[in-house]
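Thanks for coming. I have one structure to show today, and I will keep to a few places in it.

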Amino acid sequence: MSHTHFTIEERENILKYITQEISINQIAILLGRNKNSISRELKRNTVNGFYSPSRAQNSYNHNKARCGRRNILKNNSKLKEAIAEGLKQDWSPEQIAGRFK
């Protein structure tokens, strides 16, 4: 199943349609999205009765930056040096990994 994230333009349109008191069903049709996606977007990003496209986009960007695989060499200089030394000696990845067992 394929899915796409809301763009800032879609989020701004949601705000525009909400302020015009257009229903979630109609917003979904206008944006070509599922009504549940619109409802979820509003539920997650409405604070004190106010939907903010910029807050929603910032939240998305923050979460996106934190996802994915972590770089284990970034904070482990000892491991980084050991791997570099193994590569200098033309060791295979298996030989380098064997040093840490």
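I will go through the backbone, some single residues, and then the largest pocket.

Please keep in mind that this is a predicted model.

Let me begin with the backbone. Most residues other than glycine have a negative phi. Which residues here have a positive phi although they are not glycines? One of them is N48, with a phi of about 50°. N48 is found in the loop that runs between β1, residues 46-47, and β2, residues 50-51. Is N48 buried or exposed? Its relative accessible area is 81%, and the cut-off for exposed is over 50%, so N48 counts as exposed.

The other one I want to point out is D90, where phi is positive at about 60°. D90 sits in the loop between α5, which covers 77-88, and α6, which covers 93-98. With a relative accessible area of 70%, D90 is exposed.

Now to S52. This residue is in the loop between β2 and α4, the helix at 53-66. Buried or exposed, in the case of S52? Its relative accessibility is 8%, and buried means under 20%, so S52 counts as buried. What does the side chain of S52 contact? It makes a polar contact with the side chain of S54, at 3.2 Å.

Next, the aromatic rings. How many aromatic pairs are there? The count comes to zero. There is, however, a charge over a ring: the charged end of R33 sits over the ring of F6, 4.3 Å from the centre of that ring.

F6 comes up again in the largest pocket. The space in this pocket is about 490 Å³. Its lining has 19 residues, and the closest to the pocket centre are H5, F6, R11, E41 and R44. Which elements give two or more residues to the lining? They are α3, at 35-45, and α4. By type, the lining residues divide into four nonpolar, nine polar and six charged.

Now three residues from the N-terminal part of the numbering, each with a distance to a second residue.

T7 lies in the segment before α1, the helix at 8-19. T7 has a relative accessible area of 36%, and partly exposed lies between 20% and 50%, so T7 is partly exposed. How far is T7 from N48, the loop residue with the positive phi? The two are 41 residues apart in sequence, and their C-alpha atoms are 23 Å apart in space.

Y17 is in helix α1 itself. Y17 is buried, at a relative accessible area of 13%. Between Y17 and L30 there are 9.4 Å from C-alpha to C-alpha, with a sequence separation of 13 residues.

Q20 belongs to the loop between α1 and α2, where α2 is the helix at 24-31. The relative accessibility of Q20 is 48%, and exposed would need over 50%, so Q20 counts as partly exposed. From Q20 to S37 the sequence separation is 17 residues, and the C-alpha to C-alpha distance is 19 Å.

To go back over the main places: N48 and D90 have a positive phi, S52 is buried and touches S54 through a polar side-chain contact, and F6 both carries the charged end of R33 over its ring and is among the residues closest to the centre of the largest pocket.

How values were computed. Residues numbered from 1 in each chain as written. Predicted model: local features only at pLDDT ≥ 70, side-chain atom pairs only at ≥ 80, totals over all residues. Heavy atoms only, no water. Helix = DSSP H or I, 4+ residues; strand = E, 2+ residues; numbered from the N terminus. Buried < 20%, exposed > 50% of the residue type's maximum accessible area, 1.4 Å probe, protein only. Polar contact = N/O pair within 3.5 Å; in protein donor to acceptor, adjacent residues only side chain to side chain. Phe/Tyr/Trp six-rings, centres within 6.5 Å; stacked < 30°, edge-to-face > 60°. Lys NZ or Arg CZ within 6 Å of the ring centre and 35° of its normal. 1 Å grid on protein atoms, 1.4 Å probe; cavity = no way out; pocket = protein on both sides within 12 Å on 5 of 7 lines; lining within 4 Å. Points joined across faces, edges and corners; volume = space filled by probe spheres on them. Nonpolar A, V, L, I, M, F, W, Y, C, P; charged D, E, K, R; others polar.
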